[in-house]
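Reader: Could you walk me through this one, with the cut-offs stated as we go?
Author: Gladly; here it is.

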Amino acid sequence: MGWARALKVPTTRSAIPAVVLSSVLACGTMASCEYTYDDGRAPMSSPPSPAITDPVLTRDPALGQTVTGDALKAWAQDALPDVNGLSFYSSFGLLSAGESRDEETTQLPGGTYAVTLACRGARSAEFTVRNGSEVLIEMMLRCGTTRVKVLQLETDAVLGVTITGNAPANFAYRVSRI
C-alpha cells in the first residue's frame, strides 16, 4: 500500500470586488435598500386611508358633585330611564365617604334581569349584588358613569345589594326584567 502525501497549498484571500463593496457601502444594510421596477405603466394610486380618531366624550363636571332632595331624584330618573313597567325594584341615595348601605329587593320571580348601576360624585362607589351568600355582581363603578349587568335567576329570589362610597357619592340602581 502506498502513502499519499498532501501538498500544502498557500491560502490567499481574494480582494472583494469593487462593485459589491460599493453596493454594501451605499445601502448600509439590506433593510434600508429598496428595489424599484419601472415597467412603463403609471404607478397605482391607492385611496387615502381615512383618518381614525377616537371620539372624545367629555364628562359633565356637575356629575362630580353630589346632590340631595329633588335634584337627587331627578338625577336618578335621568341615570336610570323608565323601562316601560318592567322594573321590579329601584333605589337611590347619598353616601358619605366610607359609608356602606345594605338593601334588599322585593321578591323576584326566576328569569333574566338587567341590573343598571349608576354613581355620581368625585370618585367611585362599589356595588355588590348577592343572592343569599352567592355574589352575582361585584363592581367598582367610576362616578359619572352607568353600567348594566345581566343576571339569570333560576328560582325566585330576593337580592341583597350593598353600596359603598369611597368619597361622598350618590348612587342609583334598578332591577328590570328582560
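Author: One definition to begin with: contact means heavy atoms within 4.5 Å. This is a predicted model, in which local features need pLDDT of at least 70 and side-chain atom pairs count only at pLDDT 80 or more, while totals for chains, interfaces and linings use all residues. Residues are numbered from 1 along each chain as its sequence is written, and side-chain values use heavy atoms, with hydrogens and water left out.

Reader: Leaving out residues up to four places away in sequence, which residues does Thr128 touch?
Author: Thr128 sits in strand E4; helices (H or I, at least four residues) and strands (E, at least two) are DSSP runs, numbered from the N terminus. With residues up to four places away in sequence not counted, Thr128 touches Val135, Ile137, Glu138, Gly160, Val161 and Thr162.

Reader: Is Thr128 buried or exposed?
Author: Buried means under 20% relative accessible area, exposed over 50%, and partly exposed in between, with a 1.4 Å probe and protein chains only. Thr128 has a relative accessible area of 7%, so Thr128 is buried.

Reader: What is the strand order in the open sheet that holds E4 and E7?
Author: Two strands pair if DSSP finds at least two bridges between them. E4 (residues 124-131) and E7 (residues 159-165) run antiparallel and are joined by seven bridges, with Asn131 opposite Leu159 in E7. The pairing in this open sheet of four strands is antiparallel, and the order is E2-E7-E4-E5.

Reader: Which are the edge strands there?
Author: An edge strand in the sheet E2-E7-E4-E5 pairs on one side only. That holds for strand E2 (100-104) and strand E5 (134-142).

Reader: In the sheet with E1 and E8, which strands stand at the edges?
Author: This open sheet of four strands, with antiparallel pairing, has the order E1-E8-E3-E6. Each edge strand has a single partner strand, so one side of each is left without a neighbour in the sheet; these strands are E1 and E6.

Reader: By how much are neighbouring strands of the sheet E1-E8-E3-E6 turned against each other on average?
Author: Axes are lines fitted to C-alpha atoms, for helices over the stretch in contact, and angles run from 0 to 180 degrees between N-to-C directions. For this sheet, direction is ignored, and the average is 15°.

Reader: How many bridges join E3 to E8?
Author: E8 also pairs with E1 in the antiparallel sense, over eight bridges, where Phe92 has Ala172 as its bridge partner and Tyr89 has Val175. On the E3 pairing, the bridge partner of Tyr113 in E8 is Arg177. E3 and E8 run antiparallel, and the number of bridges joining them is nine.

Reader: How many of the nine residues of E8 are buried?
Author: E8 is mostly covered. The number of its buried residues is eight.

Reader: Where are the two cysteines of the disulfide, and how many residues apart are they?
Author: A disulfide is a pair of cysteine sulfur atoms within 2.5 Å, and a search of the whole structure finds one. Cys119 and Cys143 form it, with their sulfur atoms 2.0 Å apart, and both Cys119 and Cys143 are buried. The pair links distant parts of the chain: Cys119 is in strand E3 (residues 111-121) and Cys143 in the loop between E5 and strand E6 (146-153), a separation of 24 residues.

Reader: Why do the buried residues of helix H2 fall on the same side?
Author: The buried residues of helix H2 (residues 69-79) are Leu72, Trp75, Ala76 and Ala79. The arc is that of the directions from the helix axis to the C-beta atoms. They are on the same side of H2 because they cover an arc of only 100° around the axis.

Reader: What covers the buried residues of H2?
Author: On the other side of H2, Asp70 and Asp78 are exposed. The cover for the buried residues includes strand E1 (87-95), E3, E6 and strand E8 (169-177).

Reader: Which residues have the most contacts inside the largest nonpolar core?
Author: A nonpolar core is a set of buried Ala, Val, Leu, Ile, Met, Phe, Trp, Tyr and Cys residues joined through side-chain atoms within 4.5 Å. The largest has 24 residues, and those with the most contacts inside it are Leu117, Phe127, Ile137, Ile163 and Tyr173.
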